[in-house]
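Work through the following exercises with the sequence and the coordinates open. Each task is followed by a solution in steps.

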Amino acid sequence: MARDLSHWLREGLGATPFCPGCGHGILLGAVCRALDLAGVERERLLVVSGIGCAAWIPSPHLRADTLHTLHGRALAFATGAKLYRPDRVTLVVSGDGDLASIGGNHLIHAARRDLDVTVVCANNSIYGMTGGQVAATTPRGARTATTPAGNPHRPFDLCRLVAAAGASYVARYAVVQPDRVARAVARGIATPGFAFVEVVSPCPTQYGRRNDEADPARALAALRERLIGREEAEALPAGERAGRIVVGEFVA
């Protein structure tokens, strides 16, 4: 694996636009490593994103063809691009609010059609860039700008959702596991059909400050403590899995 990833970055970049403690910068590095692992040629790569913090991961950073599209419509644009240029490696990188809330229907049907694209969903459990509103992935009881007393609704399990819809590859890891994230994205790219990699990423600015995780170091430590492997989780009673984040490959 190459250690110098600058060949995937556009020239003239300074500091990333991400807030202190945001995990999206780590994810950017993991995506670059995945592209090397998968042997992707830059000339054949198209990266599509929607709107939100995670949409800044590919654009303006990645040195490749990128589409920065409308909110919730990343997969709609990716579908059209893939149909027109099936020879391209089409990678979608966007956030949970964009892909699973506003764009939720596109996500379900792209998985159902087993569209040959790889989706990297940066899940920070909230609408970060637009003010910290509740999302379809916000944990029950978590405080947001629009649920100051706590979210009364259960969140989507995105991996179970796309697996049930027919995706060919499904995995979940966290930014505190960058090597596993890179390998999962690379495997998704190598898998024909719809591949989905959920990457859990902390948001100290919008989610953390409302839920006692504003300190970046504590947020990362808390995230690591909540992770549990798929096989270990399957051996536990349901009550003991509450609040844990199950990671691993779910469809491979």
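The exercises below concern a predicted model, and they go from cores to cavities, pockets, one strand and two single residues.

**Exercise 1. The nonpolar cores**

Task: Find the largest nonpolar core and state which elements give two or more residues to this core.

Solution.
Step 1. Size the core. The largest nonpolar core has 43 residues. Those with the most contacts inside it are Leu27, Leu35, Leu45, Leu91, Val185 and Leu223.
Step 2. Assign elements. Two or more residues come from each of the helices H1 (24-37) and H6 (178-190). The strands that do likewise are E1 (45-49), E3 (89-95), E4 (118-123), E5 (169-174), E6 (195-200) and E8 (245-251).
Step 3. Rank the shares. H1 supplies the largest share of this core, seven residues.
Step 4. Look at one of the residues with the most contacts. Not counting residues up to four places away in sequence, Val185 touches Ala34, Leu91, Thr118, Val120 and Val197.
Step 5. Check for another core. There is a second, separate core of 24 residues, and among them are Ala111, Cys121, Leu158 and Cys159.

**Exercise 2. Closed spaces**

Task: How many cavities of 30 Å³ or more does a search of the whole structure find? Describe the lining of each.

Solution.
Step 1. Count. The search returns two cavities of 30 Å³ or more.
Step 2. Take the largest cavity. Its volume is about 120 Å³, and 17 residues line it. Nearest the centre of the largest cavity are Ile51, Gly52, Cys53, Ile126 and Gly128.
Step 3. Classify that lining. Seven residues are nonpolar, eight polar and two charged. Helix H3 (residues 96-102) gives the most to the lining of the largest cavity, with three residues.
Step 4. Take the second largest cavity, with a volume of about 30 Å³. The residues that line it are Gly72, Arg73, Ala74, Leu75, Asp98, Leu99, Gly103 and His106. Helix H2 (74-84) and H3 are the elements that give two or more residues to this lining.
Step 5. Classify again. The lining of the second largest cavity has three nonpolar, three polar and two charged residues.

**Exercise 3. Open spaces**

Task: State the volume and the lining classes of the largest pocket and of the second largest pocket.

Solution.
Step 1. The largest pocket holds about 980 Å³ of space. It is lined by 34 residues, with Pro155, Asp157, Arg226, Arg244 and Ile245 closest to its centre.
Step 2. Elements that give two or more residues to the lining of the largest pocket are helix H5 (158-165), E6, helix H7 (216-226), helix H8 (230-234) and E8.
Step 3. By class, the lining of the largest pocket has 17 nonpolar, six polar and 11 charged residues.
Step 4. The second largest pocket holds about 200 Å³. Of its 15 lining residues, Pro17, Phe18, Cys19, Cys22 and Cys53 lie nearest the centre.
Step 5. The lining of the second largest pocket divides into 10 nonpolar, five polar and no charged residues.

**Exercise 4. Strand E5**

Task: Is strand E5 largely enclosed or open? Then find its pairing with E6.

Solution.
Step 1. Count buried residues. Six of the six residues of E5 are buried, so the strand is largely enclosed by the rest of the structure.
Step 2. Check the faces. Tyr169, Ala171 and Tyr173 are buried on one side of E5, and Val170, Arg172 and Ala174 on the other, which leaves both faces covered.
Step 3. Find the pairing. E5 pairs with E6 in the parallel sense, over six bridges. One bridge to E6 joins Arg172 to Glu198.

**Exercise 5. Pro178 and Asn124**

Task: Which of the terms buried, partly exposed or exposed applies to Pro178, and which to Asn124?

Solution.
Step 1. Locate the residues. Pro178 lies in helix H6, and Asn124 is in the loop between E4 and H5.
Step 2. Apply the cut-offs. Buried means under 20% relative accessible area and exposed over 50%, with partly exposed in between. Pro178 has a relative accessible area of 31%, so Pro178 is partly exposed. Asn124 has 8%, so Asn124 counts as buried.
Step 3. List contacts, leaving aside neighbours within four places in sequence. Pro178 is in contact with Ile26 and Ala30. Asn124 touches His24, Asp96, Ser201, Cys203 and Tyr207.
Step 4. Add a distance. Pro178 and Thr130 are 48 residues apart along the chain, and their C-alpha atoms are separated by 26 Å.

Methods: Residues numbered from 1 in each chain as written. Predicted model: local features only at pLDDT ≥ 70, side-chain atom pairs only at ≥ 80, totals over all residues. Heavy atoms only, no water. Core = buried A, V, L, I, M, F, W, Y, C linked by side-chain atoms within 4.5 Å. Buried < 20%, exposed > 50% of the residue type's maximum accessible area, 1.4 Å probe, protein only. Helix = DSSP H or I, 4+ residues; strand = E, 2+ residues; numbered from the N terminus. Contact = heavy atoms within 4.5 Å. 1 Å grid on protein atoms, 1.4 Å probe; cavity = no way out; pocket = protein on both sides within 12 Å on 5 of 7 lines; lining within 4 Å. Points joined across faces, edges and corners; volume = space filled by probe spheres on them. Nonpolar A, V, L, I, M, F, W, Y, C, P; charged D, E, K, R; others polar. Pairing = 2+ DSSP bridges.
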